[in-house]
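Q: Hi! I've just opened this one and could use a guided tour. Mind if I fire off some questions?

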Amino acid sequence: MDHFLYKAGILHAEDVALTDIAARVGTPFYVYSTATLTRHFSLFTEALAPLPHLVCFAIKSLSNVAVLKTLGDLGAGMDVVSMGEYLRARAAGVPGERIVFSGVGKTPAEIRTALEGGIRQFNVESEPEMRAISEIALSLGTVAPIAIRVNPDVDAHTHAKIATGKSENKFGIPIAKAIAAYAEAASLPGLKVVGIDVHIGSQLTELAPFEAAFRKVAELTETLRAAGHQITRLDLGGGLGIPYTRSNEAPPLPVEYAAMIKRTLGHLGCEIEIEPGRLISGNSGLLVSEVIYVKNGEGRDFLILDAAMNDLVRPSMYDAHHDIIPVTEAAPGAPTQPFDVVGPVCETGDTFAKQREMPLLASGDLVAFRSAGAYGAVMASEYNSRPLVPEVLVRGDQFAVIRERPTYEEMIARDKLPQWL
Ligand SMILES: *Cc1c(COP(=O)(O)O)cnc(C)c1O
């Protein structure tokens with residue numbers, strides 16, 4: 001469920017007409033709904049009660065500080081994968097004890113910054129990283145809380161670019177090597193082992209791969225405890241999928257996911273952490289764009305938009321589907337026709353949809369890409385020297401620009417001429 005509905009024939013974000021935002025901000029732009037972000041976060045916290053738990057929003061899915069503060073003020077923790085994300089979480093007022101640091105290649109500078117600023121735990125992905133964290137912690141006179149990310153070797157049944165839990169992927173330490181890795185961690189004086197971490201991929205549409213992974217984690221918890229390790233926290237990663245089309249079968253709900261967590265891990269008495277990104281941010285955002293031209297090709301018609309692959313890369317990068325709907329509601333029974341929906345960038349990959357059945361749109365009409373909140377703005381670039389797409393946050397009948405579109409002057413002024421030119 002989201003809060004993007006037609007009211008009097010115009011698509012609204014909560015109580016704000018998208019036409020009003022377009023008039024103020026220009027197109028294309030991203031718009032997020034506070035009520036939808038809040039609702040999706042609460043679905044997890046309510047479903048995981050009464051287990052001790054922390055829902056850590058995966059910042060990489062949508063990293064605007066205003067969104068982070070919206071969630072952080074509700075008590076959300078944050079899952080970060082870089083110095084930039086760590087600093088964004090702190091800028092949003094999230095305390096270090098609610099931030100977990102994931103990622104395969106944490107640099108010494110990132111580790112130091114997190115230790116100095118406060119961190120709930122590092123999710124460690126390799127033995128060399130474990131040694132580096134220990135050394136840096138000792139040099140700062142502190143001890144770093146860690147969980148080891150184990151790779152359970154399960155197939156997440158998702159797009160190859162976002163599957164992370166098979167042994168051929170670069171992520172985590174194979175579960176067979178985990179016992180030795182925990183023994184080494186326990187011997188390193190700068191580390192305090194607090195738990196186990198696992199994350200098997202993104203946009204999962206079934207519970208079975210999660211359950212297979214979590215059962216392995218349960219077994220490993222018992223084994224590690226028998227070997228004398230204090231396992232008090234289980235970080236189960238993110239990855240729950242969302243419906244990108246209204247027609248396809250529905251992915252599991254947070255309440256079903258949480259029930260499965262309780263069933264497989266509840267008896268261990270651990271604090272549960274989860275790191276959902278897409279399920280909180282995905283359906284909380286739209287990308288709004290204007291039709292520049294309708295071009296009649298040979299045997300097909302093109303809808304040429306002012307948004308392009310640099311603003312929303314998911315269709316060209318992951319073959320992703322986004323519903324694209326008109327901002328002015330089509331009358332019931334109004335005619336439709338198939339369009340190829342494309343952007344102006346000079347690449348054939350700059351195609352959002354092929355032969356998509358759409359109402360008869362014309363130059364100047366606005367359209368909205370649904371489910372664009374996650375992995376949308378964060379993956380945008382200025383390819384083709386198109387200024388970075390702005391972001392808007394709505395709450396009730398208010399809206400605010402939470403990231404401005406750079407002017408052309410600002411964009412070009414970032415380039416510096418060497419003294420010999
Ligand atoms: C990407 C990622 C997430 C979030 O994944 P979603 O599919 O957006 O829920 C969580 N944890 C880690 C370690 C990740 O890499």
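Q: Which residues touch the most other members in the largest nonpolar core?

A: Happy to help, and bear in mind that this is a predicted model. The largest nonpolar core has 97 residues, and those touching the most other members are Met 78, Phe 122, Phe 214, Leu 234, Ile 261 and Leu 265.

Q: Which helix gives the largest share of this core?

A: That is helix α8, residues 208-226, with seven residues. Both domains take part too: domain 1 (4-31 + 282-413) and domain 2 (34-279) each supply at least three residues to this core.

Q: Switching to pockets. How much space lies in the largest pocket?

A: The largest pocket holds about 770 Å³. Its lining is made up of 42 residues, and Lys 60, Ile 162, His 199, Ser 202 and Tyr 375 lie nearest the centre. Two elements, α10 (278-281) and α11 (314-318), give two or more residues to that lining.

Q: What's the mix by class in the lining of the largest pocket?

A: You'll find 16 nonpolar, 15 polar and eleven charged residues there.

Q: And where does the largest pocket lie with respect to the domains?

A: It lies between domain 1 (4-31 + 282-413) and domain 2 (34-279), because both give residues to its lining.

Q: OK, what about the second largest pocket, how much space is in there?

A: About 470 Å³. Of its 24 lining residues, Met 1, His 40, Pro 243, Leu 253 and Asn 283 are the closest to the centre. Helices α2 and α9 (254-265) are the elements that give two or more residues to this lining, and α2 has the largest share with five.

Q: What classes of residue line the second largest pocket?

A: The lining has 13 nonpolar, five polar and six charged residues. Domain 1 (4-31 + 282-413) and domain 2 (34-279) each contribute at least three residues to this lining.

Q: Since α2 came up, which of its residues are buried?

A: The buried residues of α2 are Thr 34, Thr 36, Leu 37, His 40, Phe 41, Ser 42, Phe 44, Ala 47 and Leu 48. So His 40 is buried in the model and is also one of the residues closest to the centre of the second largest pocket.

Q: How far apart are the end C-alpha atoms of helix α2, and what should it span?

A: They are 22 Å apart. With 15 residues (34-48) at 1.5 Å a residue, the helix should span 21 Å, so the two values agree.

Q: New topic: which residues does a cis peptide bond join?

A: One such bond joins Thr 27 and Pro 28, with omega about -5°. Pro 28 sits in the loop between α1 (18-25) and β4 (29-33). The peptide bond from Ala 49 to Pro 50 is cis as well, with omega near 5°, and Pro 50 is in the loop between α2 and β5 (53-58).

Q: What is phi of His 157 near?

A: Phi is near 55° for His 157, a positive value in a residue other than glycine. His 157 is in the loop between β9 (144-151) and β10 (173-174). Ser 385 also has a positive phi, about 50°, without being a glycine, and is found in the loop between β19 (366-369) and β20 (391-395).

Q: Last one: where does Ala 353 lie?

A: Ala 353 is in strand β18, residues 351-359. Its relative accessibility is 5%, so it counts as buried.

Methods
Residues numbered from 1 in each chain as written. Predicted model: local features only at pLDDT ≥ 70, side-chain atom pairs only at ≥ 80, totals over all residues. Heavy atoms only, no water. Helix = DSSP H or I, 4+ residues; strand = E, 2+ residues; numbered from the N terminus. Expected span 1.5 Å × (residues − 1). Buried < 20%, exposed > 50% of the residue type's maximum accessible area, 1.4 Å probe, protein only. 1 Å grid on protein atoms, 1.4 Å probe; cavity = no way out; pocket = protein on both sides within 12 Å on 5 of 7 lines; lining within 4 Å. Points joined across faces, edges and corners; volume = space filled by probe spheres on them. Nonpolar A, V, L, I, M, F, W, Y, C, P; charged D, E, K, R; others polar. Domains from an automatic or database assignment. Core = buried A, V, L, I, M, F, W, Y, C linked by side-chain atoms within 4.5 Å.
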